[in-house]
Amino acid sequence: MSKKTFKNPILEETFNKIKAGNDAWVKEVANDTTGLFKQLAQGQNPEILWIGCADSRVPANQITSTRPGDVFVHRNIANMCIHSDMNMLSVLDYAVNVLKVKHVIVAGHYGCGGVAASLSQKQFGLIDNWLCHIKDVYRLHKDEIDAITDSTAKVNRLVELNVAEQVFNLCTSTIIQNAWKERDDLAVHGMVIELETGRLIDLDLTFTESTQLGDIFAYK
């Protein structure tokens, strides 16, 4: 294998920053006296599954002030929970049935680019197929969204409604439904991050049992 070379010096500079950052992290791990990292090397026992947006501004651990090992994370564009997404479902199944997490959090964020793009008629490429799922959320709440004249407020309201729909999608999955039959210590929450302050806002969307969903969605 040939030695790595960069035609663009900026690429080399930014790559070296990544390596330098890891060097600093390795020193921090080596100097840790709590035994945390030795414990984590043996396995993980997180209580939280975080389903968030892939946006670089919303890292789960920093927002929740949690340590490595505390949060199991799945992120995608606009924090979507789609019933046919085997990636998300595999993460959910492992988190709920193997790790036995107690809280599943769907975390959207105000100013979400994916949500904003879904309100546009512009084509962006392959991602348009993903954004169609958000457009479906808009379709369900069209009258409310269209009544909002301020563009920022319009996007932010759709962010909230999208979180609500994704929480509902999670709760109607067989993974969550079957877990609720066996456990009483599992909750699904919908929350939104305010980028300017870092605040994690509770949208009062917490579900702990299938009876909260309506008869047709509650499996027996």
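This report is a short tour of a predicted model, from its nonpolar core to a pocket and a few single residues.

**The core**

A good place to start is the largest nonpolar core, which has 52 residues. Leu-49, Leu-92, Val-96, Val-104 and Leu-170 have the most contacts inside this core. Helix 8, running over residues 151-171, gives the most to the core, with eight residues.

Val-104 is worth a closer look. Setting aside its neighbours within four places in sequence, Val-104 is in contact with Leu-49, Ile-51, Leu-92, Val-96 and Leu-170, and also with Leu-186, Ala-187, Val-188 and His-189.

**The largest pocket**

Next comes the largest pocket, with a volume of about 170 Å³. Its lining includes Met-80, Cys-81, Ile-82 and His-83, together with Glu-165, Gln-166 and Asn-169. His-133, Asp-136, Val-137, Arg-139 and Leu-140 line the pocket as well. Which helix gives the most to this lining? Helix 6 does, with five residues. Helix 6 (127-140) and helix 8 each supply at least two residues of the lining. By kind, the lining residues divide into five nonpolar, four polar and three charged.

**Helix 9 and what packs against it**

Helix 9 covers residues 174-182, and its buried residues are Ile-175, Ile-176, Gln-177, Ala-179 and Trp-180. These buried residues pack against two helices and two strands, listed here with their residue ranges where given.

| Element packed against by helix 9 | Residues |
|---|---|
| Helix 4 | 86-98 |
| Helix 8 | 151-171 |
| Strand 4 | 187-194 |
| Strand 5 | 199-207 |

Gln-177, one of the buried residues of helix 9, also leads us to Ala-218. Ala-218 lies in the segment after strand 5. Along the sequence Ala-218 and Gln-177 are 41 residues apart, while in space they are 7.3 Å apart, C-alpha to C-alpha. Leaving out its neighbours within four places in sequence, Ala-218 is in contact with Gln-177 and Ser-210.

**Asp-150, just ahead of helix 8**

Our last stop is Asp-150, in the loop between helix 7 (142-146) and helix 8. Is Asp-150 buried, exposed or partly exposed? Its relative accessibility is 42%, so Asp-150 counts as partly exposed. The side chain of Asp-150 reaches the backbone nitrogen of Ala-153 at 2.8 Å.

**Looking back**

Helix 8 has come up several times along the way: this helix gives the most to the largest nonpolar core, supplies at least two residues of the pocket lining, and is packed against by the buried residues of helix 9.

How values were computed. Residues numbered from 1 in each chain as written. Predicted model: local features only at pLDDT ≥ 70, side-chain atom pairs only at ≥ 80, totals over all residues. Heavy atoms only, no water. Core = buried A, V, L, I, M, F, W, Y, C linked by side-chain atoms within 4.5 Å. Buried < 20%, exposed > 50% of the residue type's maximum accessible area, 1.4 Å probe, protein only. Helix = DSSP H or I, 4+ residues; strand = E, 2+ residues; numbered from the N terminus. Contact = heavy atoms within 4.5 Å. 1 Å grid on protein atoms, 1.4 Å probe; cavity = no way out; pocket = protein on both sides within 12 Å on 5 of 7 lines; lining within 4 Å. Points joined across faces, edges and corners; volume = space filled by probe spheres on them. Nonpolar A, V, L, I, M, F, W, Y, C, P; charged D, E, K, R; others polar. Polar contact = N/O pair within 3.5 Å; in protein donor to acceptor, adjacent residues only side chain to side chain.
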